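Colleague: I am new to this structure and would like a close look at a single part. Could you take me through the sheet of six strands and what surrounds that part?

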Amino acid sequence: MSGPADRPVDPSSTDAWARLGALAADFDPDLRGWFAADPGRVDRLTFTAADLYVDLSKSLVVDRVVSALLDLAREVGLEERRDAMFRGEHVNVTEDRPALHTALRLPPDAHLEVDGQDVVAEVHDVLRRVYDFADRVRSGAWTGVTGERIRTVVNIGIGGSDLGPAMAYEALAPYRQAGLECRFISNNDPTDAATTLAGLDPATTLFIVSSKTFGTLETLTNARLCRAWLLDGLSGQDETEAVAKHFVAVSTALDKVAEFGIDPANAFGFWDWVGGRYSLDSAIGLSLVVAIGPERFAEVLAGFHAMDEHFRRTDLAHNVPVLMGLLNVWYTNFLGAETHAVLPYAQLLHRFPAYLQQLTMESNGKSVRWDGSPVSTDTGEVFWGEPGTNGQHAFYQLIHQGTRLIPADFIAVATPPYPLKDGETDVHELFLANYFAQTRALAFGKTADEVRAEGTPERLVPARVFPGNRPTASIMAPALTPSVLGQLVALYEHITFTEGVVWGIDSFDQWGVELGKQLAQQVIPAVAGDEAAAAEQDASTQSLIAYYRRHRQ
Ligand code: F6P
């Protein structure tokens, strides 16, 4: 079973694509003019999705473009493919499996049977075990081998087994339990383990080894480093007992967990139909559950689910992830954008762009469609970003006045997590003034006449003109609650999916990461000094390894 259609539709063969091409050919963006001539534009292009208020009016579109984009979605079968994903069909074609992250957030009374498996019951069984374990750590009922309560939880994982929990732990900082800290080790650079473990007391530290496959070199190496650090610090204690009290695991490969020496009773499973970058809401979120507690985590899941419902049930013309995904296609394939900025005006979302890099680029960085045929269009744009206002003093110059088109999503919340005043000034209001001002400046710019009217000397006028017509989406929420965080993540999951369906690619595989992993294995002996292995490398690699061996102290 490979989904609703046997092969993807080539988007460039559709009528809508031809119409979009024609519209792009004489496209003359004019946000100032469009706003002046069309008082209904903001209402028409502002949408709500769960708790999110999304203003797309500063996008570079007119109604004819939006309607052609919606026709494109219909012609490529977006709704059918979306419904197939929710039903659990094998939309991850190259791995012949469902992509069922949406099932991780179904309420317990929902029903979904996939390939003979009662998915909802299994999801909630694991959730109950996760919640029970987290409660024991949070209450102090779970102790380390010396009987002391756990003070620090260290998640060892990489990619999807790290970025989601690490991002959400930061985002939900105000909801963390005091006296219980989480840290994250991901990088194979031993500096990561060394600096993360520095200052920790092994007696009060709990490690969560998070790896879907339990075969990832970085994670297993770091897990062994941590085990050695633990046993060294707890010398005199029974080693098996120490590992049992200080190591738990999250994986789909429970046999490998047991081989590593972790008690299967302390392992939390998930399923091959959860992609790594879609796994924050599975047991991979265990560190987050420990930090914020089961009730708050359940709110995160409810937020995800609310956005799933919006994506699944809202007509395309009012469907926020669909519209945002289609706008990205318009910018990428018709207006020449190559990158997309995500700019949270919320310091707590400072890891959100990094999280989105994996979600979007591992999903949509593909050159063949899901039937193996080459794509006929550009695919996945480069996602990047930093929180505002920091970015304003770093790279916004290029967005405002550079030669490249960089669509940008601006994200902000109304209620500050930490309301502070500078004298009489509410600092969050000052901060939000920047949020509002930036999208206005990007959209409407500043003309030469306006610059002159400020008394600018003529020779400086060109440098001070802002061309405007730089597209932005403004996303606002009442506050950065657990639910809103779930909604934001699900929003981008579905934007990514929408784009992938248009391009006809499998957004759920990641074969492109394999070659580097294989070659690293082959290079290891050469790095360690095996001359025969070094001689098998290309000339550049040989010379780099030789440099390393000469300079290593
Ligand atoms: O190498 C890429 C990748 O497979 C990601 O897709 C995944 O999130 C990450 O590695 C970690 O994989 P695992 O959870 O199996 O250790």
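**A close look at the six-stranded sheet**

Modeller: Happy to! Please keep in mind that this is a predicted model. Let me begin with one residue, tryptophan 330: leaving aside its neighbours within four places in sequence, tryptophan 330 is in contact with Leu20, Val61, Val65, Leu69 and Leu335. Trp330 also belongs to the largest nonpolar core, which has 143 residues, and together with Leu286 it touches the most other members. Helix α20, residues 482-503, gives the most to this core, with twelve residues. As a general background, nonpolar side chains in soluble globular proteins tend to be buried together.

Now to the sheet itself. It is open, and its six strands follow the order β1-β2-β15-β12-β10-β11, with mixed pairing. Because β1 (46-49) and β11 (382-384) each have a single partner strand, they stand at the edges, and one side of each is left without a neighbour in the sheet. From one strand to the next, the twist averages 20°.

Let us walk across, starting at the β1 edge. β1 runs antiparallel to strand β2 (residues 52-55), and four bridges join the two. If you want a spot to find on screen, look for alanine 49, which stands opposite leucine 52 in β2. Helix α17 (residues 427-444) packs on the sheet, where it touches β10 (339-345), β12 (408-415) and β15 (472-479). The direction of helix α17 makes about 150° with that of β12.

That brings us to β10, a good strand to linger on. Is β10 mostly covered or mostly open? It is mostly covered, with six of its seven residues buried. On one pairing, β10 and β12 run parallel and are joined by five bridges; there, alanine 341 has alanine 408 in β12 as its bridge partner. β10 also pairs with β11, again in the parallel sense, over three bridges. In that pairing, histidine 340 has phenylalanine 383 of β11 as its bridge partner. To get from β10 to β11, the chain passes through helix α15 (residues 352-364), and this β-α-β crossover is right-handed.

So, to retrace the path on your screen: begin at β1, an edge strand, follow the order through β2, β15, β12 and β10, and finish at β11, the edge strand at the other end of that order.

Note on methods: Residues numbered from 1 in each chain as written. Predicted model: local features only at pLDDT ≥ 70, side-chain atom pairs only at ≥ 80, totals over all residues. Pairing = 2+ DSSP bridges. Axes fitted to C-alpha atoms, helices over the stretch in contact; angles between N-to-C directions. Contact = placed C-beta atoms within 7 Å. Core = buried A, V, L, I, M, F, W, Y, C linked by C-beta atoms within 7 Å. Buried ≥ 20, exposed ≤ 12 C-beta atoms within 10 Å, placed from the backbone. Right-handed = clockwise from strand over helix to strand, strands pointing away.
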